[in-house]
Amino acid sequence: YVLIDSSPNMNETILSAIRAADWVLSPTDIDIDGFKGTYKIDKFIKSVSKRGVKVAKLAGVVFNRANTFRGMTKAIPEFKGQFVNAGIHCFNTVIPEVAIVSNEKINNRIAVDVRPTSKISKKYEVLLEEVVKIIG
């Protein structure tokens with residue numbers, strides 16, 4: 001597997017990556033901008049595939065950086081409903097916002113490598129299992 005982690009901005013680099021990939025996983029914040037970004041990606045994939053051009057399939061959306069202290073997780077059912085109504089799969093795993101991810105990112109390290117037994121690492125493992133069920 002080759003994973004490309006990029007911003008959801010629809011620029012030529014992102015469009016090229018989507019054309020070259022087999023699958024796209026869209027991590028999104030729990031807000032309207034996150035929904036719009038994923039919806040744009042889904043719309044692009046569907047429009048290109050209708051023209052018979054090889055393009056990635058959207059595996060689904062994963063809610064990312066969910067801050068339970070700010071009550072963000074309460075909005076998940078509403079956003080999940082919007083994605084489902086748009087025909088976009090939502091993964092059950094929700095990735096919480098945790099300080100160790102930000103701290104390790106500052107140090108150019110990956111939290112799951114540095115702290116493989118942490119709660120966030122376990123969340124990513126569960127997400128990986130979900131993704132593998134979709135993409136095979």
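In this predicted model, helix 2 has the following buried residues: Gly34, Phe35, Gly37, Thr38, Ile41, Asp42, Phe44, Ile45 and Val48. These buried residues pack against four elements, namely helix 1, strand 1, strand 2 and helix 3. Helix 2 itself contains 19 residues. From its first C-alpha to its last, helix 2 reaches 27 Å. That span is close to the 27 Å expected at 1.5 Å a residue.

Both ends of helix 2 were examined. At the N-terminal end, Asp31 acts as a cap. A side-chain oxygen of Asp31 lies 3.3 Å from the backbone nitrogen of Asp33. After helix 2 comes Gly52. The phi of Gly52 is positive, near 80 degrees.

Helix 2 also takes part in the nonpolar packing. Nonpolar side chains tend to be buried together in soluble globular proteins. The largest nonpolar core here holds 24 residues. Within this core, Ile18, Val24, Phe44, Ile45, Phe63 and Phe83 touch the most other members. At least two core residues come from each of helix 1, helix 2, strand 2, helix 3 (76-85) and strand 3 (90-96). The most generous contributor is helix 2, which gives five residues. A separate core of seven residues lies apart from this one. Its members include Val62, Phe91, Leu127 and Val131.

Phe44 shows how helix 2 meets other parts of the chain. With residues up to four places away in sequence left out, Phe44 touches Met10, Leu15, Ile18, Arg19 and Val55. Phe44 is among the buried residues of helix 2, whereas its contact partner Arg19 is partly exposed, at 33% relative accessible area.

Ser26 offers a view from strand 1, where this residue is placed. Ser26 counts as buried because its relative accessibility is 4%, under the 20% limit. Beyond its neighbours within four places in sequence, Ser26 is in contact with Thr38, Ile41, Leu58, Gly60, Val61 and Val62. Two of these partners, Thr38 and Ile41, are buried residues of helix 2.

Charged pairs were considered next. Side chains of opposite charge can pair when their charged atoms come close. The model has three salt bridges. One lies within helix 2, where Asp42 and Lys46 are four residues apart, about one turn of the helix. Their side chains meet at 2.9 Å, N to O. The two partners differ in exposure. Asp42 is buried, with a relative accessible area of 5%. Lys46 is partly exposed, at 36% relative accessibility.

Another salt bridge joins Asp22 to Lys54, with the closest N and O atoms 3.7 Å apart. This pair links distant parts of the chain, 32 residues apart. Asp22 sits in the loop between helix 1 (12-20) and strand 1 (23-28). Lys54 sits in the loop between helix 2 (32-50) and strand 2 (57-66). Asp22 has 54% relative accessibility, so it counts as exposed, the cut-off being over 50%. Lys54 is partly exposed, with a relative accessible area of 46%.

The remaining salt bridge pairs Glu12 with Arg19. Here the closest N and O atoms are 3.2 Å apart. Arg19 therefore has two roles in this account, as a salt-bridge partner of Glu12 and as a partly exposed residue.

Conventions
Residues numbered from 1 in each chain as written. Predicted model: local features only at pLDDT ≥ 70, side-chain atom pairs only at ≥ 80, totals over all residues. Heavy atoms only, no water. Salt bridge = Lys/Arg side-chain N within 4 Å of Asp/Glu carboxyl O. Buried < 20%, exposed > 50% of the residue type's maximum accessible area, 1.4 Å probe, protein only. Core = buried A, V, L, I, M, F, W, Y, C linked by side-chain atoms within 4.5 Å. Contact = heavy atoms within 4.5 Å. Expected span 1.5 Å × (residues − 1). Polar contact = N/O pair within 3.5 Å; in protein donor to acceptor, adjacent residues only side chain to side chain.
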